[in-house]
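Thank you for making time for this one. I would like to go through how the helices of this chain pack, and then what lies in its interior.

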Amino acid sequence: MQATAVNDMSRAMDVAICLAVGAFGASVIAIGGPEGAIVICGLLAGVLGLIMLPLSVLLVVFGALLPIHRLAGIPEVVLDGVRYGLAAGLILKCSVRPQEPVIRWFEGALILAALWMGALAWLREESATLYAAAVMGAATVVALLFRRRALVSPNLWLGYVWAAAVNGGVILLQGAGVSVPFASDQFVGYGRYVGFGANAPLVSFELAVAFVLAFLVPRMIPRVFAMTLILMGLLVCGGRGGLVALSVALVVVLLLSKRYRKSVIGLGVIGLFGGVYLSSSSLSLSTLERFIAPGATSADVTSGRGSLLQASLTEFLNNPFTGTGLESFSNLYGTTPHMALLSFGVAGGVIPALCVALVTLALARSAWIRRNEVSPIIALVSVFLVWILLEPTGPLVGLLGLLLLAYVLPSFESSKREREPSASTA
């Protein structure tokens, strides 16, 4: 009887937590906009209506929504509300695994960084940093609750990979000049095609992640077809970061793994011939063009990232404890720092920068320790690390990146625990 009461109390607390987190994340994302009420309604509808669907279906649908940011003119904030609503439904549907710790150190570090940045932004009345802190904190808690219920699973990534493949196909059509219903075109100097995504840099990393995850998902008979669409979309979208990250990941696998070497070489041949074919057609390979001529008026191959890196470091050193805030930095330089470590340092000083640095070093160290057991997880970590180095907040502000982190780091720790008993037995 007492155990039942404890379980009921734990269940009630979980319900309260997930509802509070979902409502908080969705409403904060909608700060200053009229869609806040719509988002909360979407959240509650997700909990009440979709909780009756089978778990496997919910996971696939939730994964498919992760790379979808623009659809038929629907505001992105509404799609965020639907995502958080589905997440709350999944959390309510599953019970906690007792062997899972309540919170892991990297989750605590990211929550601390979010709270610190949020408090400073609140005092400074600065919306950009407050937005980043709110999304980072809410997404970290959702990923934590997913991890405790074993929801970060292959079924979730199955939905994500197929949605990314569809988006890759849409981007191909856009690059060929075809107007695709419900999708948006984006042009900044060079053609940047985003399909259902938010912006070309983010789309490129999402496609790179999907390419690697395709090795890990179940029931993917036409795997090569999906990966080809993703790779071709990556060549056309105009975001260079994802292509760099995927190239680094494939080189790492090629150097360390005999098992996946043939697959990597085969995919490289597909990419080469696909690129040659596409370049001979009317389709513009925007990503490759931006490598050849990265700026219309500058010969700087970094497109100004070198000078921006120096400016970011200067601003961080001038205000090491509290930072200057992303909004203040943007007002001075017209953009944000294009490196996650410095971006968090500028946003909130040394505490969030140190938290992000510890997570980054833990990923790198774990991958290095397991270098002789190469798997797609190592390639995923490579993409993750390049993402941190090349983009303002890396993958740490948003559900996708935090779910990936909850998937990758515990897998390294469980592998370590599996090796220790065998070593002691020997």
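I will begin with the overall make-up, then take two helix pairs, and end with the nonpolar cores.

Please keep in mind that this is a predicted model, in which local features need pLDDT of at least 70, side-chain atom pairs count only at pLDDT 80 or more, and totals for chains, interfaces and linings use all residues. Residues are numbered from 1 along each chain as its sequence is written, and side-chain values use heavy atoms, with hydrogens and water left out.

The chain has 18 helices and two strands, where helices (H or I, at least four residues) and strands (E, at least two) are DSSP runs numbered from the N terminus. Of its 426 residues, 52% count as buried, meaning under 20% relative accessible area with a 1.4 Å probe and protein chains only. Among the contacts with a separation of 6 or more, 76% are between residues 24 or more positions apart, contact being heavy atoms within 4.5 Å.

The first pair I have chosen is α5, residues 105–124, and α16, residues 350–369, whose axes come within 8 Å and cross at roughly 155°; axes here are lines fitted to C-alpha atoms, for helices over the stretch in contact, and angles run from 0 to 180 degrees between N-to-C directions. The two helices are therefore roughly antiparallel, a term for angles over 145 degrees. On the α5 side the contact includes Trp105, Phe106 and Trp116, and on the α16 side it includes Ile351, Pro352 and Leu358. By class, this contact has 14 nonpolar residues, with no polar and no charged ones.

The other pair is α9, residues 223–236, and α10, residues 240–256, which pack at about 130° with their axes 8 Å apart. That makes α9 oblique to α10, oblique being what remains once angles under 35, over 145 and from 65 to 115 degrees are set aside. Here Leu231, Leu234 and Leu235 of α9 meet Gly242, Leu243 and Leu246 of α10, a contact that divides into five nonpolar residues, one polar and no charged.

Turning to the interior, which residues have the most contacts inside the largest nonpolar core? They are Phe62, Leu66, Phe146, Trp157, Leu403 and Leu405, in a core of 99 residues, a core being a set of buried Ala, Val, Leu, Ile, Met, Phe, Trp, Tyr and Cys residues joined through side-chain atoms within 4.5 Å. Leaving aside neighbours within four places in sequence, Trp157 is in contact with residues including Leu66, Leu213, Leu403 and Tyr407. Apart from that core lies another of five residues, among them Ile68, Val170, Val180 and Phe196.

Conventions. Nonpolar A, V, L, I, M, F, W, Y, C, P; charged D, E, K, R; others polar. Buried < 20%, exposed > 50% of the residue type's maximum accessible area, 1.4 Å probe, protein only.
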